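Here are two short exercises to work through with the structure open beside you. Try each one before reading its solution.

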Amino acid sequence: MTGEFDGKRILVTGASGFVGRHLTRRLLDGGAIVTAVDVLPLPESLRSDESGRALEYRQLDIREESAVSAAVGSERWDLLFHLAAIASPRACAKDFASAYKVNVQGTFHLLQASSNVARFVFLSSSAVYGAPERIPIDEDHPRGGKDPYAMTKILAEDLCRTYASNYQRPCTIIRNFNSFGPYQEAEYVIPSIIRQGLTKHEIEIWNSEPVRDFSYVANTVDAILQIARAGGESVYNVGSGVGVRIGDLATMIASKIDRAMPIRDLRKEVLGSPKLVANVDRLRGLGWSERVPLSPGIERTVEWFRQ
Ligand SMILES: NC(=O)c1ccc[n+]([C@@H]2O[C@H](COP(=O)([O-])OP(=O)(O)OC[C@H]3O[C@@H](n4cnc5c(N)ncnc54)[C@H](O)[C@@H]3O)[C@@H](O)[C@H]2O)c1
């Protein structure tokens, strides 16, 4: 994709996060003029740019309306990718007030400041679907999510729609399933299993039965970029379209770590729906296909954790 975003002025919120840093790196390598926004410092992996261009970085809290307005409202942007969020469902449940302020009010501040943004791309979540009525889940599936994280994403999606319909803010919504890869925090299932595999003599999993849709982060970024290029006031699922049992995932990871390692199923209560798999037909219709399948994606992630 070299040169694909040549000269485009792009703002990424949540650029220091897991998906944000992969997306920002790809945009820089594709020739974009990127401004990164995050409440955390800029990560080391984004400080050097192979092409020699500097990344503009604004450390700010999206809960602060005046700071957002000053950073976003003063310039014209070809694209704004809004990823900043309290992205952990557990953290949202623990502190719903903070989740609301960041995920809902923060999104409101960004939309309000976006009169000079040609396209606003919002990273929502498969959590909005709640307990699915059908598998795989297509974008027209009702939004039944009721937990605090899901609710903040539903409200933020509706803010995007309101701004798109009433205030000329072209907006695209992406419902991401489960991305994995380097830089993901250890509380999520794949990094947690890899860490245990590398440091312990046994892998404990919460419950082996749930089925989830995992996507290596490079595929997620491919999808986000493809969707941004397509434009349009649409909603897109981003996932692999393939369901994997957590027990099978743990076995696969253990085999990559190459140590004879028992896997203990704690058989704890399943958090969320027993089965979540994306229908990615709409995304495929844009020409997207999975570049890094699950198995090599796991290998790359294990390698990164080893280092
Ligand atoms: N990773 C996934 O599998 C996944 C799945 C579904 C949806 N999503 C969504 O995609 C986006 C990116 O997810 P991620 O996994 O990279 O999450 P992440 O937690 O790694 O990154 C989120 C970033 O937002 C920043 N942030 C949090 N509060 C902020 C604030 N008040 N002001 C400015 N920045 C703030 C954090 O510092 C962090 O760098 C999130 O919106 C998340 O809800 C991710």
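## Exercise 1: helix α1

Helix α1 is mostly covered, with 9 of its 12 residues buried; bear in mind that this is a predicted model.

**Task.** Check the length of α1 (residues 18-29), and find out which strands and helix its buried residues pack against.

**Solution.**

1. Start with the length. At 1.5 Å a residue, the 12 residues of α1 should span 16 Å, and the end C-alpha atoms lie 17 Å apart, which agrees.
2. Next, list the buried residues of α1: F18, V19, G20, R21, H22, L23, T24, L27 and L28.
3. Now look for their partners. These buried residues pack against the strands β1 (9-13), β2 (33-38), β4 (79-82) and β7 (178-180), and against helix α7 (217-230).
4. Finally, step just past α1, where G31 has a positive phi of about 95 degrees.

## Exercise 2: a pair of helices

**Task.** How are α4 and α5 oriented relative to each other, and which residues make their contact?

**Solution.**

1. Two packed helices are described by the angle between their axes and the distance between the axes.
2. For α4 (residues 96-112) and α5 (residues 148-166), the axes come within 9 Å and cross at roughly 15 degrees.
3. Angles under 35 degrees count as roughly parallel, so α4 and α5 are roughly parallel to each other.
4. The crossing of α4 past α5 is right-handed.
5. On the α4 side, the contact includes F96, Y100, V104 and F108; on the α5 side, residues including Y149, L155, L159 and Y163 take part.
6. Sorted by class, this contact has 13 nonpolar, 3 polar and 1 charged residues.

Terms used: Residues are numbered from 1 along each chain as its sequence is written. This is a predicted model: local features need pLDDT of at least 70, side-chain atom pairs count only at pLDDT 80 or more; totals for chains, interfaces and linings use all residues. Axes are lines fitted to C-alpha atoms, for helices over the stretch in contact, and angles run from 0 to 180 degrees between N-to-C directions. Helices (H or I, at least four residues) and strands (E, at least two) are DSSP runs, numbered from the N terminus. Angles under 35 degrees count as roughly parallel, over 145 as roughly antiparallel, 65 to 115 as roughly perpendicular and the rest as oblique. A crossing is left-handed if the near helix is turned anticlockwise from the far one by less than a right angle, and right-handed if clockwise. Two residues are in contact if their C-beta atoms, placed from the backbone, lie within 7 Å. Ala, Val, Leu, Ile, Met, Phe, Trp, Tyr, Cys and Pro count as nonpolar, Asp, Glu, Lys and Arg as charged, and the others, Gly among them, as polar. The expected span of a helix is 1.5 Å times one less than its number of residues. A residue is buried if 20 or more other C-beta atoms lie within 10 Å of its own, exposed if 12 or fewer, and partly exposed in between; C-beta atoms are placed from the backbone.
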